[in-house]
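The following paragraphs offer a guided reading of a single protein chain. The reader is invited to keep the sequence and the coordinates in view throughout.

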Amino acid sequence: MSQAAKSTWWNRLCEGSYRASTRRLVRDIEAESPGVYSEMLKDIDTPLEPAFEREMARHLDRGGFRAFVPAETLMPAMLQRFGLEPGSVAEHASYPSLRGNCNACPVAGHCWGAMRRDAGVDECRAFCPNAAAFERLAETA
């Protein structure tokens, strides 16, 4: 067997093993290094390996990492998508309700992934439970 052929099957084996263990890797990081995991979730700008990023999003959607507060990380980014400044919205009477909706969102992982890839407002409207309220606030701003 040539060196190139060995390299090809070895790469496939390594990639397959990594894909198969990604779910466990995310759970292990959360359990063993919750501070690091929290920082990874809060940092929506630093690129991650795509399969690992997808698994982190899935983990959030399955209710993983209860210490994550979507309203602190995701809502400011989402507000910007709708042309709003987080500071001005924080003064609005509806802000506590908006935070509650965000923190209870069943697709926080999907939102996390969307914010990481800089999704546009049209995509965000399709899944954000606060989209209609954000649009109303943007109209009055």
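**From the core to the surface**

Met115 is in contact with Ile44, Leu74, Ala77, Met78, Arg81 and Cys124, once its neighbours within four places in sequence are set aside. The model is a predicted one, and local features are considered where pLDDT is at least 70. Met115 also belongs to a wider assembly: the largest nonpolar core comprises 36 residues, and Met115 is listed among those with the most contacts inside it, together with Leu41, Met56, Met75, Met78, Trp112 and Phe134. Helices α1, α2 (34-42), α3 (50-61), α4 (70-81), α6 (95-103), α7 (108-116) and α9 (131-140) each contribute at least two residues to this core. Helix α4 provides the largest share, with 6 residues.

Arg81, one of the contacts of Met115, leads from the core to the charged pairs. Its side chain meets that of Asp118 in a salt bridge with an N to O distance of 3.2 Å. This pair links distant parts of the chain, since Asp118 lies in the loop between α7 and α8 (121-125) and Arg81 in helix α4, 37 residues apart. The two partners may be set against the cut-offs of under 20% for buried and over 50% for exposed. Arg81 has a relative accessible area of 18% and is therefore buried, whereas Asp118, at 57%, is exposed. The backbone of Asp118 also deserves attention: its phi is near 60°, a positive value in a residue other than glycine. Most residues other than glycine have a negative phi.

Helix α8 holds another charged pair. The side chains of Arg125 and Asp122 form a salt bridge at 2.4 Å, N to O. Both residues lie in helix α8, 3 residues apart, which is about one turn of the helix. Arg125 counts as partly exposed because its relative accessibility is 38%, and Asp122 counts as exposed because its relative accessibility is 58%. Elsewhere, salt bridges that share partners join Arg23, Glu55, Arg58 and Arg62 into one network. Within that group, the side chains of Glu55 and Arg62 meet at 2.5 Å, N to O. Glu55 has a relative accessibility of 7% and so counts as buried, while Arg62, with a relative accessible area of 42%, is partly exposed. The count of salt bridges in the model comes to 9.

Glu55 also takes part in the surroundings of Thr22, a residue of helix α1. Residues up to four places away in sequence being left out, Thr22 touches Ala51, Phe52 and Glu55. Is Thr22 buried or exposed? Its relative accessibility is 4%, and it therefore counts as buried. Thr22 can also be placed relative to Arg54: the two are 32 residues apart in sequence, and their C-alpha atoms are 9.5 Å apart in space.

A further position in helix α1 is Glu15. With a relative accessible area of 46%, Glu15 is partly exposed. Glu15 and Arg62 are 47 residues apart along the chain, and a distance of 24 Å separates their C-alpha atoms. Arg62 instead meets Glu55 through its side chain in the salt bridge described above.

Helix α1, spanning residues 3-32, also contains Leu13. Together with Trp9 and Trp10, Leu13 forms a nonpolar patch on the surface, and the three residues have about 320 Å² of accessible area together. Which values underlie the partly exposed state of Leu13, Trp9 and Trp10? Leu13 is partly exposed because its relative accessible area is 42%. Trp9 counts as partly exposed because its relative accessibility is 37%, and Trp10 because its relative accessible area is 46%. Residues enter such a patch with over 30% relative accessible area and no salt bridge.

The two tryptophans of the patch are also related through their rings. A pair of aromatic rings is described by the distance of the centres and the angle of the planes. The model has 2 aromatic pairs. In one of them, Trp9 and Trp10 are arranged edge-to-face, with 6.0 Å from centre to centre and 85° between the planes. The assignment as edge-to-face follows because planes over 60 degrees apart are classed in that way.

Technical notes
Residues are numbered from 1 along each chain as its sequence is written. This is a predicted model: local features need pLDDT of at least 70, side-chain atom pairs count only at pLDDT 80 or more; totals for chains, interfaces and linings use all residues. Side-chain values use heavy atoms; hydrogens and water are left out. Patches are made of residues with over 30% relative accessible area and no salt bridge: like charges are joined within 9 Å, nonpolar side chains (Val, Leu, Ile, Met, Phe, Trp, Tyr) within 5 Å. Accessible areas come from the Shrake-Rupley method with a 1.4 Å probe; for residues, only the protein chains shown count as cover. A salt bridge is a side-chain nitrogen of Lys or Arg within 4 Å of a carboxyl oxygen of Asp or Glu. Helices (H or I, at least four residues) and strands (E, at least two) are DSSP runs, numbered from the N terminus. Buried means under 20% relative accessible area, exposed over 50%, partly exposed in between (1.4 Å probe, protein chains only). Contact means heavy atoms within 4.5 Å. A nonpolar core is a set of buried Ala, Val, Leu, Ile, Met, Phe, Trp, Tyr and Cys residues joined through side-chain atoms within 4.5 Å. Rings of Phe, Tyr and Trp (its six-membered ring) pair if their centres lie within 6.5 Å; planes under 30 degrees apart count as stacked, over 60 as edge-to-face and the rest as tilted.
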